[in-house]
Amino acid sequence: MAQKIINVSAGIIIKDDQVLICQRREAHHKGAWEFPGGKIELNESHQEALKRELNEELSINCEIGQHFHSVFYKLNISTQLNLHAYLIKSFIGTPKCLVHSKILWITLQELSYYNFLPADLPLVENLLNRHKKEPVKTGSKR
Ligand SMILES: Nc1nc2c([nH]c(=O)n2[C@H]2C[C@H](O)[C@@H](COP(=O)(O)OP(=O)(O)OP(=O)(O)O)O2)c(=O)[nH]1
């Protein structure tokens with residue numbers, strides 16, 4: 001059976017040792033937490049998609065930084081989700097909750113208390129591990 005691939009970019013926004021997380025509103029994943037971002041459209045780079053999604057979802061203008069981690073997650077027998085996370089170097093504006101049910105700034109240690117979508121668990125673990133070794137720095141608000 002042909003595999004359907006869903007490509008998604010997500011942003012790791014860290015400011016003052018806190019990371020921004022978002023709670024999904026739609027019925028399908030309702031209540032689960034994720035990093036802001038969304039589907040990459042045809043002819044868009046990961047970074048272009050992320051910049052657009054962060055503007056649509058949070059009304060911020062971001063400078064996308066380094067690639068952080070990609071997760072290749074099998075959603076079901078015929079669908080794979082490729083989730084590409086990038087560190088956000090800087091942003092202009094104050095994040096507003098435009099499409100999620102809630103957005104929250106939490107410390108990296110607090111990540112383990114939230115119910116993230118399954119594909120995000122390797123990202124959460126990576127953030128927790130890196131923080132233990134050396135706090136992740138992504139720049140500051142401009
Ligand atoms: N944004 C985001 N999506 C994630 C994460 N983890 C994860 O499994 N997903 C999944 C949930 C969705 O099935 C898909 C992203 O779709 P979406 O609905 O947020 O994307 P979109 O804004 O482009 O939505 P739409 O126009 O298709 O309605 O990826 C994550 O950390 N961030």
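Is Ser59 buried, exposed or partly exposed, and how many C-beta neighbours does Ser59 have inside 10 Å? Ser59 counts as partly exposed because 13 C-beta neighbours lie inside 10 Å, a count above the limit of 12 for an exposed residue and below the 20 required for a buried one.

## Model and confidence

The structure discussed here is a predicted model. Its scores are ipTM 0.92 and pTM 0.92. The protein chain has an average pLDDT of 93, and 92% of the residues score at least 70. Where pLDDT is low, the predicted coordinates should not be read in detail.

## Annotated domain

An unreviewed UniProt entry assigns the feature "domain: Nudix hydrolase" to residues 3-129. In the model, this span is 46% strand and 17% helix. The C-alpha atoms at the two ends of residues 3-129 are 32 Å apart.

## The four-stranded sheet

An open sheet is formed by four strands in the order β5-β1-β7-β6, with mixed pairing. β5 and β6 (61-76) are the edge strands, each pairing on one side only. On average, neighbouring strands of this sheet are turned by 20° against each other, direction ignored.

The pairing can be followed across the sheet. β1 and β5 are antiparallel and share three bridges, whereas β1 and β7 run parallel and are joined by nine bridges. Ala10 takes part on both sides: its bridge partner in β5 is Gly37, and Ala10 also stands opposite Ala85 in β7. β6 and β7 run antiparallel and are joined by 12 bridges; here Phe72 stands opposite Asn82 in β7. A hairpin of two residues connects β6 to β7. In general, strands of a sheet pair through backbone hydrogen bonds, either parallel or antiparallel.

## Surroundings of the ligand

The ligand is surrounded by 14 residues, of which Glu34, Gly37, Gly38, Lys39 and Ala119 come nearest. Two or more residues of this shell are given by each of β1 (4-12), β5 and β7 (79-92). The largest share, three residues, comes from β5. That strand is also an edge strand of the sheet, and its residue Gly37 is both the bridge partner of Ala10 and one of the residues nearest to the ligand.

By residue class, the shell around the ligand comprises seven nonpolar, three polar and four charged residues.

## Loop residues

Two residues other than glycine have positive phi values: Asp16, with phi near 50°, and Ser59, with phi near 60°. Asp16 belongs to the loop between β2 (14-15) and β3 (18-23). Asp16 counts as exposed because it has 8 C-beta neighbours inside 10 Å, a count within the limit of 12 or fewer. Ser59, the residue of the opening question, lies in the loop between α1 and β6.

Leu42 is located in the loop that connects β5 (37-39) and α1 (46-58). Although a leucine, Leu42 counts as exposed, because its C-beta neighbours inside 10 Å number 5. Leu42 and Arg24 are separated by 18 residues in sequence, and their C-alpha atoms lie 24 Å apart in space.

Definitions and conventions:
Residues numbered from 1 in each chain as written. Predicted model: local features only at pLDDT ≥ 70, side-chain atom pairs only at ≥ 80, totals over all residues. UniProt positions renumbered as here; feature names shortened; annotations may be inferred. Near = placed C-beta within 6 Å. Nonpolar A, V, L, I, M, F, W, Y, C, P; charged D, E, K, R; others polar. pLDDT = per-residue confidence, 0-100. Pairing = 2+ DSSP bridges. Axes fitted to C-alpha atoms, helices over the stretch in contact; angles between N-to-C directions.
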